[in-house]
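Please open the model in your viewer and keep the selection panel at hand. The tour below proceeds from one selection to the next.

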Amino acid sequence: MSTATPATRALEAAKVAFERIEYDYVAGQDKIGLHAAAAIGADPAEVLKTLMVEVDGKPACAVIPSDCTLSMKKVAAAFGAKAAAMMPVDKAERLTGFHTGGISPFGQKKRVPVAFEAAALGQAQIVVNGGKRGLMVRLTPEAALTVSGGLARDLIAAP
C-alpha cells in the first residue's frame, strides 16, 4: 500500500516528524476510530477521529478522541458560531478530497478552520488519520496544531 497522501505530503512539506502506521481497514465499521485504535493496539484516547462539521453553515474540522462524542454546542462555541451540525458525508468527501474513514485534518483539498479537543493534546503523541483508509500518522500535538493551523478547544460532550 502506498503511504503517500495529500496528508503525509503536507506533513513532509512542514518538515515535522511523524510515523506512518498502516492497518487493515474493515469497511462497514460503525466506529471507525475505535476500530483503528484496536487494529493498531493503541489507547482510543490517543487515536483521534476527524469529523467534518458546519458551523453557521460554513465548513470546519473537529478532531477528538475516538472514544468520545462531539458536542455540537461546544463546536459552535469553539468556532465562534451560533449553531453546528455534522457535514453530510458526500459534501465532506468533496470538500476534503478524502473518503470517509480516511479524512485527515492535514492536506485537505480546501483548507478549513480546525479545532482539536484540548484534553487530548496533553499526551506526548497523538494518532490521526493519514489521509486514506488504513493509514494513521503518529506525531506530537504541537506538530498537529502547527500543520493544521488548528486550535485547542473543548469539543467533547460530557460522558
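**The largest pocket**

The residues lining the largest pocket comprise 16 nonpolar, eight polar and four charged ones. The model is a predicted one, and the pocket has a computed volume of about 620 Å³. To centre the view, select I32, K49, T50, L51 and T100; of the 28 lining residues, these are the closest to the centre of the pocket. Next, colour α2 (32-40), β2 and α4, each of which supplies at least two residues of the lining. Strand β2 contributes the largest share, namely five residues.

**Helix α1 and its buried side**

Move now to helix α1, residues 6-13, and display the side chains of A7, T8 and L11, which are its buried residues. They lie on the same side of α1, because the arc they cover around the axis is only 95°. What do the buried residues of α1 pack against? Select β1 (19-22), β6 (126-132), β7 (135-139) and α5 (141-148) to see these partners.

**Beyond the end of α1**

Continue along the chain to A14, which is located in the loop between α1 and β1. Is A14 buried or partly exposed? Its relative accessible area is 37%, so A14 counts as partly exposed. Add T146 to the selection and draw a distance between the two C-alpha atoms: A14 and T146 are 132 residues apart along the chain, and the separation is 8.5 Å. Then select K15, also just after α1, where phi is positive at about 60°.

**The nonpolar cores**

Which residues have the most contacts inside the largest nonpolar core? Select L11, M52, F106, F116, I126 and L139, which hold that position in a core of 26 residues. To view the elements around them, show α1, β2 (48-55), β3 (58-65), α4 (89-96), β5 (114-117), β6, β7 and α5; each supplies at least two residues of this core. Helix α5 gives the most, with three residues.

Within this selection, focus on L139. Leaving aside residues up to four places away in sequence, L139 touches L11, A17, F18, F106, Q125, I126, V128 and A144. L11 thus returns here, having already appeared among the buried residues of α1.

For the last stop, select L51, V55, V75 and A76, which are among the 16 residues of a second, separate core. L51 also links back to the start of the tour, as one of the lining residues closest to the centre of the largest pocket.

Conventions: Residues numbered from 1 in each chain as written. Predicted model: local features only at pLDDT ≥ 70, side-chain atom pairs only at ≥ 80, totals over all residues. Heavy atoms only, no water. Buried < 20%, exposed > 50% of the residue type's maximum accessible area, 1.4 Å probe, protein only. Helix = DSSP H or I, 4+ residues; strand = E, 2+ residues; numbered from the N terminus. Arc of directions from axis to C-beta. Contact = heavy atoms within 4.5 Å. Core = buried A, V, L, I, M, F, W, Y, C linked by side-chain atoms within 4.5 Å. 1 Å grid on protein atoms, 1.4 Å probe; cavity = no way out; pocket = protein on both sides within 12 Å on 5 of 7 lines; lining within 4 Å. Points joined across faces, edges and corners; volume = space filled by probe spheres on them. Nonpolar A, V, L, I, M, F, W, Y, C, P; charged D, E, K, R; others polar.
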